[in-house]
Amino acid sequence: MSLVLAPQLLFPQGLGTLTGYTADISSSGTAAASSVSGGNAAANAIDDSTSTYWQSTSNSGQWLEVTFSADKIIRKMTMRNTGSGAGFNALPSGADLQYYNGSSYVTVASVTPTGVDTLQEFTLDESPGSTKWRILQTANAIAGPGTNIALDEVEMMEGTYA
Ligand SMILES: [Ca+2]
Ligand SMILES: [Ca+2]
């Protein structure tokens with residue numbers, strides 16, 4: 001008798017080896033945010049235009065969330081702000097990338113965005129599928145205390161597997 005390990009014991013999701021990422025799927029979802037400044041709605045962060053942006057009204061504990069109609073296993077997120085220098089609303093200098101497990105938000109990666117006007121890319125460990133994925137601010141906006149969070153564009157990608 002031989003022992004054969006089922007694939008799901010090696011890869012709990014049964015997805016195999018990560019080989020890359022899909023195109024951005026964020027626009028297939030619906031965006032929501034912790035607060036909105038003026039007309040700079042959450043949806044502006046997933047509208048494929050870097051001239052529109054989501055802006056918060058606070059610089060503490062802000063979040064942007066995308067809700068999908070079916071479970072997604074997000075393996076990569078990007079965020080971008082093309083703001084105009086010091087004092088401008090900006091990316092958070094720290095953030096938790098999270099999914100919702102039905103009762104609470106679970107952090108998959110804690111990241112430290114840097115710079116202004118550069119695309120920030122972050123990969124995520126394999127996680128259960130979820131309809132809700134969130135960027136939660138954990139540190140001040142890069143421009144410094146007193147400014148708010150602004151995200152021009154956020155992207156969310158699933159993995160591709162061998
Ligand atoms: Ca997009
Ligand atoms: Ca935008």
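Helices here are DSSP runs of at least four residues and strands are runs of at least two, both numbered from the N terminus. With that in hand, the predicted model is quick to read: from the N terminus on, its elements go α-β-β-β-β-β-β-β-β-β-β-β. That makes one helix and eleven strands in the protein chain. The chain has 162 residues, and 36% of them count as buried. Contacts reach a long way along the sequence, too: among those between residues at least 6 apart, 74% join residues at least 24 apart.

Five of the strands line up in an open sheet, in the order S2-S4-S9-S6-S7, with antiparallel pairing. S2 and S7 sit at the edges, each pairing on one side only. From one strand to the next, the twist averages 25°. Inside the sheet, S6 and S9 are joined in the antiparallel sense over seven bridges, and leucine 97 stands opposite isoleucine 135 of S9. Over at the S2 edge, the antiparallel pairing of S2 with S4 runs over four bridges. Here alanine 33 is set opposite leucine 64 of S4. S2 also shows two faces: Ala31 and Ala33 are on the covered one, while Thr30 and Ala32 are on the uncovered one.

Now for what is packed inside. In soluble globular proteins, nonpolar side chains tend to be buried together. In this model, the largest nonpolar core takes in 31 residues, and the members touching the most others are Ala45, Trp54, Leu64, Met77, Ile135, Leu151 and Val154. Several strands give two or more residues to this core, among them S2 (30-33), S4 (63-72), S6 (92-100), S7 (105-111) and S9 (130-141). S5 (74-80), S10 (150-151) and S11 (153-161) do so as well. Alanine 45 gives a good idea of the company a core residue keeps: leaving aside residues up to four places away in sequence, alanine 45 touches Ala31, Tyr53, Trp54, Leu64, Leu151, Glu153 and Val154.

Arginine 80, in strand S5, is worth a stop of its own. Arginine 80 counts as buried because it has 21 C-beta neighbours inside 10 Å, and the cut-off for that label is 20 or more. Not counting residues up to four places away in sequence, arginine 80 touches Thr50, Leu119, Gln120, Asp152 and Glu153. Arginine 80 also shows how the fold brings distant stretches of chain together: valine 154 is 74 residues away in sequence, yet the two C-alpha atoms are 6.6 Å apart in space.

Terms used:
Residues numbered from 1 in each chain as written. Chains lettered and ligands numbered in written order. Predicted model: local features only at pLDDT ≥ 70, side-chain atom pairs only at ≥ 80, totals over all residues. Core = buried A, V, L, I, M, F, W, Y, C linked by C-beta atoms within 7 Å. Buried ≥ 20, exposed ≤ 12 C-beta atoms within 10 Å, placed from the backbone. Contact = placed C-beta atoms within 7 Å. Pairing = 2+ DSSP bridges. Axes fitted to C-alpha atoms, helices over the stretch in contact; angles between N-to-C directions.
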